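Trainee: Could you take me closely through one part of this model, the metal site, and then set it beside the core of the fold?

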Amino acid sequence: MSYPIDDAEQLIATAQEELPPSTRSRLIAKLRMGIHIEDAARDLDVSVQRVFATARILSAFGDQLDATLTAERDPDLPHGTVTGYNKRCRCPQCRAAVNRRI
Ligand SMILES: [Zn+2]
């Protein structure tokens with residue numbers, strides 16, 4: 001998807017405001033402690049939807065988030081499947097499996 005430059009800049013500015021760097025690093029720190037992303041986001045008063053929306057806009061954060069979710073995921077789950085997602089896995093493969101189905 002492409003936006004005119006001004007809109008893209010506005011989008012990034014809004015994302016930075018809604019999920020500032022301090023909140024993003026606290027979120028990543030919580031994930032690294034093994035806290036589920038939904039619980040971590042709730043602790044920080046943001047929605048998971050907001051986190052993933054921001055991750056799409058701020059690609060450096062998106063990469064860090066995906067790498068952390070992959071590193072912390074449960075190795076016993078079938079990743080890249082709806083089953084994994086339904087068992088609350090939010091790694092990039094499980095999210096993609098659900099997005100493919102929609
Ligand atoms: Zn997964």
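Mentor: Bear in mind throughout that this is a predicted model. The site of the zinc ion is tetrahedral, with angles of 104 to 113° among its four donor atoms; for four tetrahedral donors in general, the ideal angle is 109.5 degrees. Those donors are ND1 of His79 together with the SG atoms of Cys89, Cys91 and Cys94, and they coordinate the zinc ion at 2.0 to 2.3 Å. Read along the sequence, the donor residues follow the spacing H-x9-C-x1-C-x2-C.

Two of these cysteines can also be described by their exposure. Cys89 counts as buried because its relative accessible area is 7%, under the 20% cut-off, and Cys94 is buried as well, with a relative accessible area of 0%. Although three cysteine sulfurs serve as donors to the zinc ion, the structure holds zero disulfides.

Turning to the core, the largest nonpolar one has 18 residues, and Leu27, Ile37, Val51, Phe61 and Leu65 are those with the most contacts inside it. Two or more residues come from each of helix 2 (21-32), helix 3 (37-43), helix 4 (48-57) and helix 5 (59-72), and helix 4 gives the most, with four residues. Leu27 shows how such contacts are spread: leaving aside residues up to four places away in sequence, Leu27 touches Ala40, Ala41, Leu44, Val51, Phe61 and Leu65.

Terms used: Residues are numbered from 1 along each chain as its sequence is written. This is a predicted model: local features need pLDDT of at least 70, side-chain atom pairs count only at pLDDT 80 or more; totals for chains, interfaces and linings use all residues. Side-chain values use heavy atoms; hydrogens and water are left out. Donors are N, O and S atoms within 2.8 Å of the metal (3.2 Å for Na, K and Ca); water is not among the atoms, so sites may look incomplete. Four donors count as tetrahedral if all angles lie between 85 and 135 degrees; four count as square planar and six as octahedral if opposite donors are over 155 degrees apart and all others between 65 and 115; anything else is irregular. A disulfide is a pair of cysteine sulfur atoms within 2.5 Å. Buried means under 20% relative accessible area, exposed over 50%, partly exposed in between (1.4 Å probe, protein chains only). A nonpolar core is a set of buried Ala, Val, Leu, Ile, Met, Phe, Trp, Tyr and Cys residues joined through side-chain atoms within 4.5 Å. Contact means heavy atoms within 4.5 Å.
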